[in-house]
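Me: Could you take one charged contact in this protein and walk me through it slowly? I'd like to see what it holds on to, and then what is built around it.

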Amino acid sequence: MFAVIKTGGKQYKVQSGDMLRVERIAANAGETVQFNEVLMLGGDSPVLGAPMVKDAGVQAEVVDQIKGEKVINFVKRRRKHSSKRTKGHRQKLTLIKITDILSSGADKSGVAAAIGTGSVSAAAVAAITGKSDDAAKPAKSKKAAAPKAKAEKTAPKAKKADAGTDDLKELSGVGPALEKKLHEAGITSFAQIAAWTEADIAEVDEKLSFKGRIQREGWVDQAKEKTKG
């Protein structure tokens with residue numbers, strides 16, 4: 001007996017004992033989840049859903065939370081810009097093992113439904129997967145710290161006076177706004193910029209949405225000249 005299920009926007013033909021990788025599911029390794037979107041049941045008496053097979057389900061054991069193969073995206077801009085950008089991506093996946101196919105009784109099985117991480121909040125995913133939800137905290141702490149930041153007007157000045165902090169506005173095309181973005185990303189000195197590799201440039205360009213500005217303005221070469229002095 002086999003079944004065709006839908007999860008993560010994709011369809012899979014599965015049978016008991018199959019191991020497959022699906023889009024990330026909010027569950028821990030060792031837990032059992034149930035896929036309730038069954039499009040078809042195959043075997044001696046095939047059943048087609050309209051669009052889903054009523055009260056059918058496929059149960060699976062979560063083996064591990066993994067990442068897919070690294071995909072490289074290379075973009076080269078021609079003519080005036082003469083710049084290039086390389087970035088990698090590894091899709092978050094869940095490795096599962098199909099344990100049972102239910103032609104009926106899925107609604108009363110008591111097994112938790114398989115929910116993709118795109119369907120729940122970041123805090124809920126962190127709570128389920130056991131990972132720290134620190135990523136969700138900066139937004140809250142930033143709001144809480146806002147009144148203090150207004151009261152302590154001397155804080156920005158103190159930051160600029162710290163040792164190892166250069167005036168990044170001396171770089172071509174860098175104003176107060178861009179300097180602030182760089183500081184927030186932990187980039188505070190010419191020495192850091194001078195040491196950037198192509199991979200570092202691509203990462204910073206993507207993270208801060210500079211759209212090739214770093215190479216167009218020649219920040220690395222300028223930073224090297226600044227550090228010589």
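Reply: Let's start with Glu-69 and Arg-21, whose side chains meet in a salt bridge with N and O 3.5 Å apart. Glu-69 belongs to strand S7 and Arg-21 to strand S3, so this pair ties together parts that are 48 residues apart in sequence. By salt bridge I mean a side-chain nitrogen of Lys or Arg within 4 Å of a carboxyl oxygen of Asp or Glu. Strands are DSSP runs of E with at least two residues, helices are runs of H or I with at least four, and the numbering of each starts from the N terminus.

A quick word on what you're looking at: this is a predicted model, where local features need pLDDT of at least 70 and side-chain atom pairs count only at pLDDT 80 or more, while totals for chains, interfaces and linings use all residues. Residues are numbered from 1 along each chain as its sequence is written, and side-chain values use heavy atoms, with hydrogens and water left out.

Back to our pair. Glu-69 has a relative accessibility of 55%, so it counts as exposed. Arg-21, at 38% relative accessible area, is partly exposed. The cut-offs are under 20% for buried, over 50% for exposed, and partly exposed in between, using a 1.4 Å probe and protein chains only.

Now for the sheet around the pair. It is an open sheet of 4 strands in the order S3-S8-S7-S4, with antiparallel pairing. Strand S3 (19-23) and strand S4 (32-35) are at the edges with a single partner strand each, so one side of each has no neighbour in the sheet. On average, neighbouring strands here are turned by 50 degrees against each other, direction ignored. That angle comes from axes, which are lines fitted to C-alpha atoms (for helices over the stretch in contact); angles in general run from 0 to 180 degrees between N-to-C directions.

What holds the strands side by side? Two strands pair if DSSP finds at least two bridges between them. S7 and S8 run antiparallel and share 18 bridges, while S4 and strand S7 (residues 57-77) pair over 4 bridges, again antiparallel. You can follow this residue by residue: Gln-34 stands opposite Gln-59 in S7, and Phe-35 has Val-58 in S7 as its bridge partner. From Val-58 you can step on to Ile-101, its bridge partner in S8.

Let's stay in S8 (residues 83-102), which includes Gly-88. Leaving out residues up to four places away in sequence, Gly-88 touches Lys-70, Val-71 and Ile-72; a contact here means heavy atoms within 4.5 Å. The C-alpha atoms of Gly-88 and Ala-202 are 10.0 Å apart, with their positions 114 residues apart along the chain.

S8 has a charged pair of its own: Arg-85 forms a salt bridge with Asp-205, their closest N and O atoms being 3.6 Å apart. Arg-85 is in strand S8 and Asp-205 in helix H6 (residues 198-207), so the pair ties together parts that are 120 residues apart in sequence. Arg-85 and Asp-205 are both buried, whereas Glu-69 from our starting pair counts as exposed. Arg-85 and Asp-205 are linked with Lys-87 and Glu-206 in a network of salt bridges.

One more example: the side chains of Glu-179 and Lys-169 meet in a salt bridge at 3.1 Å, N to O. Glu-179 lies in helix H4 (residues 176-184) and Lys-169 in the loop between helix H3 (155-160) and H4, so this pair ties together parts that are 10 residues apart in sequence. Glu-179 is buried at 5% relative accessible area, and Lys-169 is partly exposed at 33%.

Stepping back, the whole structure has 8 salt bridges. The protein contains 8 helices and 8 strands, and buried residues make up 29% of its 229 residues. Among contacts with a separation of 6 or more, 64% join residues 24 or more positions apart.

There's another open sheet of 4 strands, ordered S2-S1-S5-S6 with antiparallel pairing. Its edges are strand S2 (10-15) and strand S6 (47-48), each with a single partner strand, so one side of each is left without a neighbour in the sheet. Strand S1 (residues 2-7) and strand S5 (residues 38-42) run antiparallel and are joined by 4 bridges, and Ala-3 has Leu-41 in S5 as its bridge partner.
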